[in-house]
Amino acid sequence: MKNTIFTTTATVFMLLLLPGTLAAGVESLRGPLPLDAPAKIFPAKKQQKAEGGFERGWKQQPPQIPHEIDKDRISLRENTCLKCHSKENHEKEKAPEVGESHYVDRTGKKLTKISQRRWFCNQCHVPQVDAQPLVGTTFEPLPQK
Ligand code: HEC
Ligand code: HEC
């Protein structure tokens, strides 16, 4: 009987106090704001630009985008990246041509139009901002040969 009382007291103690202890010092990303209050607006991070492009981490890495893409649009019908990077336009626009691999379908057949697999450029190519990583990383680029 004594034991039961003890166990019950201990359980009640844990149920009431433990969540409180765990929650202390923990804050959500939007801060201690009421649910219906708008969160603080963070200043937009500045995009990094790199003259001549960013160095690749390894040979086959999709190169990162060294310029702004805010005004570019990629949709079912439209792809403004190709105005500069396609086979036809890259010389005129003095932009690097998309890789050969971008004109090959999944069976290895060469195409005259950009492969559908490469249509959504920002699936693989992304711009960079000057921001601290959220978690640490020990990644190091492969030595360039
Ligand atoms: C107005 C022309 C123009 C448009 C539009 C454009 N780019 Fe570029 N892009 C360039 C030029 C010029 C460079 C070379 C810049 C340099 O090396 O400093 C470049 C560089 C790049 C590179 C780096 C290539 C490398 O080998 O390092 C990537 C990747 C890229 N662009 C992707 C894109 C994507 C994706 C879009 C659409 C969201 C896009 N670009 C839209 C002109 C353009
Ligand atoms: C599925 C991933 C993927 C997609 C989607 C993709 N790329 Fe790439 N891209 C790569 C990889 C990987 C490389 C490097 C190897 C190569 O050239 O194939 C590359 C290389 C490039 C290069 C540099 C070529 C060179 O010789 O230096 C440019 C420019 C580029 N891509 C632009 C684009 C544009 C513009 C689009 C959209 C129309 C696009 N890519 C879509 C993966 C992708």
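This short talk covers an iron site, the residues beside it, and a second ligand site in one structure. Please keep in mind that the model is predicted.

Let me begin with the iron atom of ligand 1. Its protein donors are His67 and His85, each through NE2, lying 2.0 Å from the metal. These two residues join distant parts of the chain, being 18 residues apart. Histidine 67 sits in the loop between β1 (47-48) and α2 (82-85), while histidine 85 belongs to helix α2.

How are the six donor atoms arranged around the iron atom of ligand 1? The angles they subtend run from 88 to 179 degrees, and the arrangement is therefore octahedral. For comparison, ideal angles for six octahedral donors are 90 or 180 degrees.

I turn next to the accessibility of the two histidines. Histidine 67 has a relative accessible area of 33% and is partly exposed. Histidine 85, at 21% relative accessibility, also counts as partly exposed. The value for histidine 85 is 21%, and it is not classed as buried because that term requires a value under 20%.

Both histidines have neighbours that deserve a comment. For histidine 67, the residue to consider is glutamine 47, found in strand β1. Is glutamine 47 buried or exposed? With a relative accessible area of 19%, glutamine 47 is buried. Its side chain reaches the backbone oxygen of histidine 67 at 2.6 Å. Leaving out residues up to four places away in sequence, glutamine 47 touches Ile65, His67, Glu68, Ile69 and Asp70, and also Pro127, Gln128 and Val129.

For histidine 85, I would point to histidine 90, which lies in helix α3 (residues 90-93). Histidine 90 is buried, its relative accessible area being 15%. Beyond its neighbours within four places in sequence, histidine 90 is in contact with Cys84 and His85, as well as Ala95, Pro96 and Glu97.

Finally, I come to ligand 2. It is surrounded by 22 residues, of which the closest are Ser101, His102, Cys121, Cys124 and His125. Which polar side-chain atom lies 2.8 Å from a nitrogen atom of ligand 2? That atom belongs to histidine 102. Histidine 125 likewise has a side-chain N or O atom placed 2.7 Å from a nitrogen atom of ligand 2. Arginine 56 approaches an oxygen atom of the ligand instead, with a polar side-chain atom 3.1 Å away.

To recapitulate, His67 and His85 are the protein donors to the iron atom of ligand 1, and glutamine 47 reaches the backbone oxygen of histidine 67 through its side chain. Thank you for your attention.

Notes:
Residues are numbered from 1 along each chain as its sequence is written. Chains are lettered from A and ligands numbered from 1 in the order in which they are written. This is a predicted model: local features need pLDDT of at least 70, side-chain atom pairs count only at pLDDT 80 or more; totals for chains, interfaces and linings use all residues. Side-chain values use heavy atoms; hydrogens and water are left out. Helices (H or I, at least four residues) and strands (E, at least two) are DSSP runs, numbered from the N terminus. Buried means under 20% relative accessible area, exposed over 50%, partly exposed in between (1.4 Å probe, protein chains only). Contact means heavy atoms within 4.5 Å. Donors are N, O and S atoms within 2.8 Å of the metal (3.2 Å for Na, K and Ca); water is not among the atoms, so sites may look incomplete. Four donors count as tetrahedral if all angles lie between 85 and 135 degrees; four count as square planar and six as octahedral if opposite donors are over 155 degrees apart and all others between 65 and 115; anything else is irregular. A polar contact is a pair of N or O atoms within 3.5 Å; within protein, one must be able to donate a hydrogen and the other to accept it, and residues adjacent in sequence count only if both atoms are side-chain atoms. A residue is near a molecule or strand if one of its heavy atoms lies within 4 Å of it.
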